[in-house]
Amino acid sequence: IREINMLAKTPQPGLGDFDLKKIVVDLSPPFISAKSWVIADGRTGAILFGRRETDRREIASLTKIMTAYTALQLASCYGVNIYKTYAKVSANAAAIKGTTAALEEGDTLLIIDLLYGMLLPSGNDAAITVAEYFGKILSKNKSPNTTTSNTSFEEDLHPKTKTRNILTIVTQQEILTEEGVFVEEVNRLALELKLINTNFVNSHGSHLYCNKSSASDIAKFTRVAMMDSLFKDIVSTKAYECKGYSKLGHEKTFIWENTNKLLGKSGCTGIKTGMTETAGPCLVTSVRTKSLNFLIVLLHSKSMDDRWQEVIKLKAWALERIKEVDKISQNRKRVKRKIMRSLK
């Protein structure tokens, strides 16, 4: 860990060799099975501690953090009211394997509800539906900087009440390309955020594709996403219920539970789980204390259950290490003041 090395190489006034060696030894992290991990300051994004945090790895459904963030950015940019705008589930979205929000082809849901379906039960189908919707908008516009007054939307009727709501229709011929257009925008935003170890090829993180990033990059884009109050509210929600409509216009009820078992425990306020055979169990967690806010990223833990315990261990360890480093800092300041007084 970089902080340990810095302390070891920097002269410590007032600290004998024995004390310094003891501190360095005491700063050793607990055993963590994750192949890469990082602890970042949730307020500033600064990387505090980490192990192999810049290694590029598959990140499974942690991909959906950037998918949701990009969708919210595009909704704001193009004036899409996600609380009134419906999107239809395509055959492509309904057929996706892995974790789903139990959506069927032809189902129609509000964009806001699809965001919950993407982030709580980690619905691959919801992620693709959102990606296709905004991919259609992007296909009609050369740049996301285009104003909504220059944007031409098709209109569709509310599937039940028949009142008008803006809805971008994704035709069967366009389905295979709209997600790709959206993913291009995700990667453009990744470049803006200077995520040098990150590349996305789909909106959901299936192991069939090589969505790759690093623990440090994930901490960066997660911190940015958490600055959006709606995103922050969604990932801190334990369960969510909403209404949608079937292909025939019948009302359907969807109930989703958050896959993050730590939510509400040990100061955990989010954020996202992930798991595929090749990426292994992954987790991004926001952990709050009275004065600190940590983002903890685990990539490829040994097991699903190990993730929960390892977050708790890293939180406790980080708090103790910060206290130790603070003691060293305070001691150095006291010694410096003493030396300055002696020179007067």
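**Close-up 1. Glu185 and its partner Arg188 in helix H7**. In this predicted model, Glu185 is buried, with a relative accessible area of 7% (buried means under 20%, exposed over 50%, and partly exposed in between, with a 1.4 Å probe and protein chains only). Arg188 is partly exposed at 32%. The two residues form a salt bridge whose closest N and O atoms are 2.7 Å apart; the term requires a side-chain nitrogen of Lys or Arg within 4 Å of a carboxyl oxygen of Asp or Glu. Both lie in H7 (residues 175-192), 3 residues apart, about one turn of the helix. Helices (H or I, at least four residues) and strands (E, at least two) are DSSP runs, numbered from the N terminus.

Residues are numbered from 1 along each chain as its sequence is written, and side-chain values use heavy atoms, with hydrogens and water left out. Because the model is predicted, local features need pLDDT of at least 70 and side-chain atom pairs count only at pLDDT 80 or more, while totals for chains, interfaces and linings use all residues.

**Close-up 2. Lys252 and two acidic partners, Glu104 and Asp107.** The side chains of Lys252 and Glu104 meet in a salt bridge of 3.0 Å, N to O. Lys252 lies in strand S10 and Glu104 in the loop between helix H4 (91-94) and strand S5 (108-110), so this pair ties together parts 148 residues apart in sequence. Lys252 is buried at 18%, whereas Glu104 is partly exposed at 48%. Lys252 also forms a salt bridge with Asp107, with the closest N and O atoms 2.9 Å apart. Asp107 is in the loop between H4 and S5, 145 residues from Lys252, and is buried, as is Lys252.

**Close-up 3. The hairpin of strands S9 and S10**. S9 (residues 239-245) and S10 (residues 251-257) pair in the antiparallel sense over 7 bridges; strands pair if DSSP finds at least two bridges between them. Tyr245 stands opposite Glu251 in S10. The hairpin has 5 residues between its strands, and Gly249 in the turn has a positive phi of about 90 degrees.

**Close-up 4. The surroundings of Thr285 in strand S12**. Thr285 belongs to S12 (residues 280-288) and is buried, with a relative accessible area of 0%. Leaving aside residues up to four places away in sequence, Thr285 touches Cys268, Gly270, Ile271, Phe294, Leu295, Ile296 and Val311; contact means heavy atoms within 4.5 Å.
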